[in-house]
There are 2 protein chains.
Amino acid sequence: MVIYYSVMRVKDEIKQEALFEATVKVVNETGFAQSSVSKIAKEAGISPATLYIYYKNKEDLLVSTYVQIKQNLSTALLVGFDDSRPIRDILKRLWTNAFHFGTQNRAYFEFVEQFSNSPYAGLVNSAEVEEFFEPLARVMQRGIDEKILKDVPFEVLTVFVFYPAMLLSSPKLCAGFEINEGSIDQTFDLAWDAIRL
Amino acid sequence: MVIYYSVMRVKDEIKQEALFEATVKVVNETGFAQSSVSKIAKEAGISPATLYIYYKNKEDLLVSTYVQIKQNLSTALLVGFDDSRPIRDILKRLWTNAFHFGTQNRAYFEFVEQFSNSPYAGLVNSAEVEEFFEPLARVMQRGIDEKILKDVPFEVLTVFVFYPAMLLSSPKLCAGFEINEGSIDQTFDLAWDAIRL
DNA sequence: CGCTATAATAAATGACCATTCATTTATTTG
DNA sequence: CAAATAAATGAATGGTCATTTATTATAGCG
């Protein structure tokens, strides 16, 4: 919580947003290794020094950008989420959402991919991120209780549902796989067969 | 092919190997972004300048290391490979091999993970790497022809078999999953259910 | 041993890095 | 408008980067 004791100039939300997009763009285009604060600031159209008003340091910039994307991702995956529907329908909806998000926000996917395989990944508050996906964890548990899903740890289910959706929606990683309505349905059947009892 | 026209001092294979291991270690411990030629050379116990006798530049060092690991990986996965056995047995063997390799060579796994999500990934001769895994591609195709496996692109099969094996064997990515004989069997059943007709 | 070719290296180079500092600019309130 | 406060920045700092250069060490052969 920020308290304004007195007269003060407010931070520019447009700059904040520009920095977020610039970070994703520079990291994706030049790679994690070659991404510098200067490049990101220049891409966002601000001075490198200004960046340090919005973020404590480079690490903070990268970690914050990651958490932000994860939040966007969870929101996108949960569009139309309805607890009362059959489990298969819920997951199918999720699967479809993932592909839509993946095709329309490929840059975010790639950033997450690079970030989560870097040592920066250890710096995120993983409890916070897992909370975004809590509704799904609940559905999975319900499926296990109702003898619809195999009784395996949550991680195992995610490996056969979320990861494939991510991987398949990235043409960089899956060049030989064409995304259309039919292929989305077909690949969901694979995921579903993997986890259902 | 190298031709020795005359007297020449030979390159040191121990240094070559030390450089390979040092590259993996430094990249895993400090991350792709903070890995420098100097750090790698120091870890290998040689001068940075010497590194340039063995590799054209940093890019060549990283790409070569990646290809080398991929070769080791394919060799490890194909241990005991027997074309004449039932497809399920072949894949089960592969699955088990992946876990053994993963637990004993975690550093290689992590390097591959970091590398393949970086822009360097675009620089590898992917045909060369795919060749390592050609026997598996043939088995998969046979499975499809014999109506044992679902008729989907090879990439889709790999997403439900190889990736899960990799992900599950990495305790960093799958903290809640304990590897033992029972859990290897159980998770293979998920993979098999996904791809079998 | 001395010749030759290459491995090996220490040191240097210029570029770029993250971050800080001194200063200026913009905004709000009295 | 003027005072107050924080946003914004250009320039500087010290360090590290990838790579090259000039030099030395080493090995095999006549």
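1. A residue is called buried here when its relative accessible area is under 20%. By that criterion, 45% of the 197 residues in chain A are buried. The model under review is predicted.

2. The secondary structure of chain A comprises 10 helices and 0 strands. The order along the sequence is accordingly written α-α-α-α-α-α-α-α-α-α.

3. As to overall dimensions, the C-alpha trace of chain A extends over about 60 × 45 × 30 Å along its principal axes. Of the contacts in chain A that link residues at least 6 apart in sequence, 70% are between residues at least 24 apart.

4. The surface exposed by chain A amounts to about 10200 Å², and 52% of this area is supplied by carbon and sulfur atoms. Chain A carries 26 negative and 20 positive side chains. The centres of these two sets are 4 Å apart.

5. Helix α2 of chain A, residues 37–44, merits separate comment. Its buried residues are A:V37, A:I40, A:A41 and A:A44. They lie on the same side of α2(A), because the arc they cover around the axis is only 100°. In general, residues three or four places apart in an α-helix point the same way, because there are 3.6 residues a turn.

6. Against which elements do the buried residues of α2(A) pack? The partners are three helices of chain A: α1 (13–30), α3 (48–54) and α4 (58–77).

7. Regarding the end of this helix, α2(A) is followed by A:G45. The phi of A:G45 is positive, near 75°.

Methods. Residues are numbered from 1 along each chain as its sequence is written. Chains are lettered from A and ligands numbered from 1 in the order in which they are written. This is a predicted model: local features need pLDDT of at least 70, side-chain atom pairs count only at pLDDT 80 or more; totals for chains, interfaces and linings use all residues. Side-chain values use heavy atoms; hydrogens and water are left out. Helices (H or I, at least four residues) and strands (E, at least two) are DSSP runs, numbered from the N terminus. Buried means under 20% relative accessible area, exposed over 50%, partly exposed in between (1.4 Å probe, protein chains only). Contact means heavy atoms within 4.5 Å. Accessible areas come from the Shrake-Rupley method with a 1.4 Å probe; for residues, only the protein chains shown count as cover. Lys and Arg count as positive and Asp and Glu as negative; His and the chain ends are not counted. The place of a charge is taken as NZ of Lys, CZ of Arg, CG of Asp or CD of Glu. The arc is that of the directions from the helix axis to the C-beta atoms.
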